Structures are given as structure tokens and as C-alpha cells.
Amino acid sequence: MHYDNFRNNGLDGILCKQNMPLGSYTTYGLGGKVKRIYFPKTEDEAAAVFKYLNGGGERFFVLGNGSNVLAADGDINYSVICTKYLSGIIESDESLYCLSGTTVKQLLDFCVQNEIGGFEYLAGIPATVGGLALMNGGIPEKHIAENIISVRLFDGNFKNLPNEKCKFGNKHSTMRDINAIILGVYLSKNAVPREAVKENITKYLLKRRNQPAGKSCGCVFKNPPNQSAGRLIDKAGLKGSKIGGAEVSLKHANFIINRGGTSADVYRLIQFVKRRVFECCGILLEEEVIYIGEFNDFDS
């Protein structure tokens with residue numbers, strides 16, 4: 001793909017595309033055009049774009065692998081900072097420093113090569129390290145917060161936020177509540193023989209092989225305390241439910257699959273599922289998926 005250099009207000013040489021469909025950058029494959037997408041490759045470039053957009057009062061958001069978002073149809077009056085090229089890993093005696101756009105696969109490949117364990121549970125998750133830190137991603141048994149020493153941010157100044165100040169919770173961190181961009185994450189490390197790391201990665205990949213195929217954002221809803229969102233949706237009899245080209249997966253009810261529909265179809269189905277689960281079980285599910293752009297509430 002060809003990228004144009006965007007030259008304006010100190011952003012010379014930073015890769016940028018204008019009027020791009022966001023569906024090309026999300027795992028749902030959905031989303032209308034955004035004003036600009038910037039592709040910083042270094043911390044300084046990411047900070048420069050953040051400072052420029054934030055200082056101008058422009059609406060923008062940061063996008064990693066696009067695996068936990070639903071972007072609205074039609075034109076979206078935002079700019080985007082995409083971290084897909086802000087990747088790389090630096091190893092020290094006590095930690096790994098991963099730039100925010102480093103993917104899980106890149107992290108695990110590095111761990112295999114350098115005999116580092118403790119991250120195998122992330123295998124198969126289509127996310128970046130920055131996105132995992134933002135959402136405290138992981139699996140039901142373990143989340144990335146357990147590996148994080150600190151998170152490097154830019155909010156107008158460069159700073160490191162220690163783990164205890166990140167307020168990690170259920171698919172949440174303080175980084176969701178502040179106006180900042182995640183530049184990288186310091187991760188604790190453990191020495192583990194290469195073959196053991198490989199075996200553990202294979203074990204976790206096998207666990208994930210039965211997850212639903214098709215375009216999705218992964219799990220749509222957070223698990224309520226001591227409950228499974230997928231089981232609640234199944235209990236409400238919603239597996240296979242459809243609105244337009246969106247469908248509740250028959251394999252895993254917490255997945256909504258894009259079968260050639262629109263973002264509006266997916267959004268309406270999400271709201272339909274929330275309402276029916278509340279009517280059936282008395283529990284109001286909370287979305288894990290992050291909405292980008294404007295969505296209208298429809299009666300379904």
C-alpha cells in the first residue's frame with residue numbers, strides 16, 4: 001500500500017493517509033471514512049501527532065490492531081493515530097519494553113527466540129501490547145496487568161505510570177479515563193526454556209481453535225462478576241439471532257459475527273442482546289467493545 005507523507009505543523013515525514021475507510025483497519029471490517037490516519041513509527045512521532053491533534057481541539061482516537069472496536073458507518077469526523085508501525089521490543093536484565101503497536105505474535109516470537117516465559121496465555125489474541133494494557137486484556141484466568149511493571153504515556157509530557165496507578169480492572173484501566181497516548185509498556189520477564197515456551201503457546205492456541213470464525217471484535221460483552229456473558233446470552237436463547245448481516249455466533253454467544261452487514265446491524269444486535277438478557281436474567285451486560293463515531297438507537 002502506498003502512503004503519502006503529510007507535511008504540516010511539525011509533522012513532516014510522518015506517514016499519513018486521508019479520507020480512508022476505517023473498515024480496512026478493524027477486525028470487523030466495518031467503518032466509514034475518517035479524515036486522516038497517522039502512522040507514527042517512533043515515540044517522538046506519536047507524541048508529535050498527539051500534541052498536534054490535541055492542541056488543535058480535533059477529535060481523534062488511537063487505534064492498535066482494531067480488534068476491540070466497532071466503527072460507525074458513513075463519514076466519521078475524527079482523525080486516527082494508528083500504532084501498527086510503532087513496534088519493537090527492547091530487553092533489559094529485568095524487563096521487556098514493548099512499543100505499543102507490538103503485536104502479541106511479535107511478542108511471543110521474541111519470547112521463543114530469547115527463552116522468556118509468562119506471556120504464552122496471550123497466544124492467538126489479535127491485539128497489540130498497547131491495546132492489551134488499555135483494556136487489561138487476556139483470558140479469564142489471567143490478564144496483562146499481572147505482567148505489567150509500568151506504562152509509558154504521553155499526555156503533553158512523557159511519563160511512566162507504575163502498575164499500581166493504572167487501576168487495572170475488568171477490561172479497564174485508568175488509561176481509558178485520561179487524555180493520553182500509550183507509547184509502550186514495561187513487562188516483567190521470566191527465564192523459561194525455549195521448548196517449554198513453544199509447548200505452552202501451542203497449548204493456548206489449541207484452546208482458542210474452537211472460537212468462532214468470521215469477522216468479529218472478539219467478545220462483545222464483559223463477564224459480570226461470577227458470571228459468563230456468553231452463558232447468559234445462551235440462556236436467553238439468543239444464539240443464532242440475526243439483525244441484517246450481523247449474527248450472534250452459534251459457537252460462542254459472546255461473539256457477534258459480521259456476515260456482510262453494516263456497523264448499524266452489529267450495533268442494533270448488541271442492544272437487542274443487552275435488552276433480552278436483562279429481561280431474561282435481570283443482568284445488564286456491559287460492552288467490552290469500544291464504539292467509534294455516532295450510533296443511533298433503534299428499536300429492534
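**Two sheets, their helices and a pocket**

Let me begin with the smaller topic on my list, an open sheet of 3 strands whose order is S16-S17-S18 and whose pairing is antiparallel. Its edge strands are S16, residues 242–243, and S18, residues 256–258, each of which pairs on one side only. I should say at once that what we are looking at is a predicted model, and everything I describe this morning is to be taken in that light.

Staying with this sheet, strand S17, which covers residues 246–248, pairs with S18 in the antiparallel sense over 3 bridges, and within that pairing Glu-247 stands opposite Ile-257 of S18. Helix H6, residues 263–281, lies across S16, S17 and S18, and the helix runs at about 30° to S17.

Stepping back for a moment to the whole chain, there are 6 helices and 19 strands, and the C-alpha atoms fill a box of roughly 50 × 50 × 35 Å when taken along the principal axes. How does the radius of gyration agree with that of a compact globule? For 300 residues a compact globule would be expected to have a radius of gyration near 19 Å, and because the protein chain has 19 Å, the two agree.

Now to the other sheet, which is open, has 5 strands in the order S7-S8-S14-S12-S13, and is antiparallel in its pairing. Here the edge strands are S7, residues 89–91, and S13, residues 158–162, each pairing on one side only. Neighbouring strands of this sheet are turned by 20° against each other on average, if direction is ignored. Helix H2 packs on the sheet, where it touches S7, S8 and strand S14, residues 181–188, and the direction of H2 makes about 30° with that of S7.

At one end of that order, S7 and strand S8, residues 95–99, run antiparallel and are joined by 3 bridges, with Tyr-97 in S8 as the bridge partner of Ile-90. At the other end, strand S12, residues 148–154, pairs with S13 in the antiparallel sense over 5 bridges, and Phe-154 stands opposite Phe-158 in S13. The hairpin of S12 and S13 has 3 residues between the strands, and in it Gly-156 takes a positive phi near 115°.

Helix H2 also brings me to my last topic, the second largest pocket, which has a volume of about 160 Å³. Its lining is made up of 14 residues, and those that lie nearest the centre of the pocket are Val-104, Lys-105, Leu-108, Gly-124 and Ile-125. Which helices each supply at least two residues of this lining? They are H2, residues 104–114, and H4, residues 194–208, and it is H2 that gives the largest share, with 5 residues. By character, the lining of this pocket divides into 9 nonpolar, 3 polar and 2 charged residues.

To draw the two parts together, then, the helix that packs on the sheet by touching S7, S8 and S14 is also the one that contributes the largest share of the lining of the second largest pocket.

Conventions: Residues numbered from 1 in each chain as written. Predicted model: local features only at pLDDT ≥ 70, side-chain atom pairs only at ≥ 80, totals over all residues. Heavy atoms only, no water. 1 Å grid on protein atoms, 1.4 Å probe; cavity = no way out; pocket = protein on both sides within 12 Å on 5 of 7 lines; lining within 4 Å. Points joined across faces, edges and corners; volume = space filled by probe spheres on them. Helix = DSSP H or I, 4+ residues; strand = E, 2+ residues; numbered from the N terminus. Nonpolar A, V, L, I, M, F, W, Y, C, P; charged D, E, K, R; others polar. Pairing = 2+ DSSP bridges. Contact = heavy atoms within 4.5 Å. Axes fitted to C-alpha atoms, helices over the stretch in contact; angles between N-to-C directions. Rg over C-alpha atoms; globule rule 2.2 N^0.38 Å.
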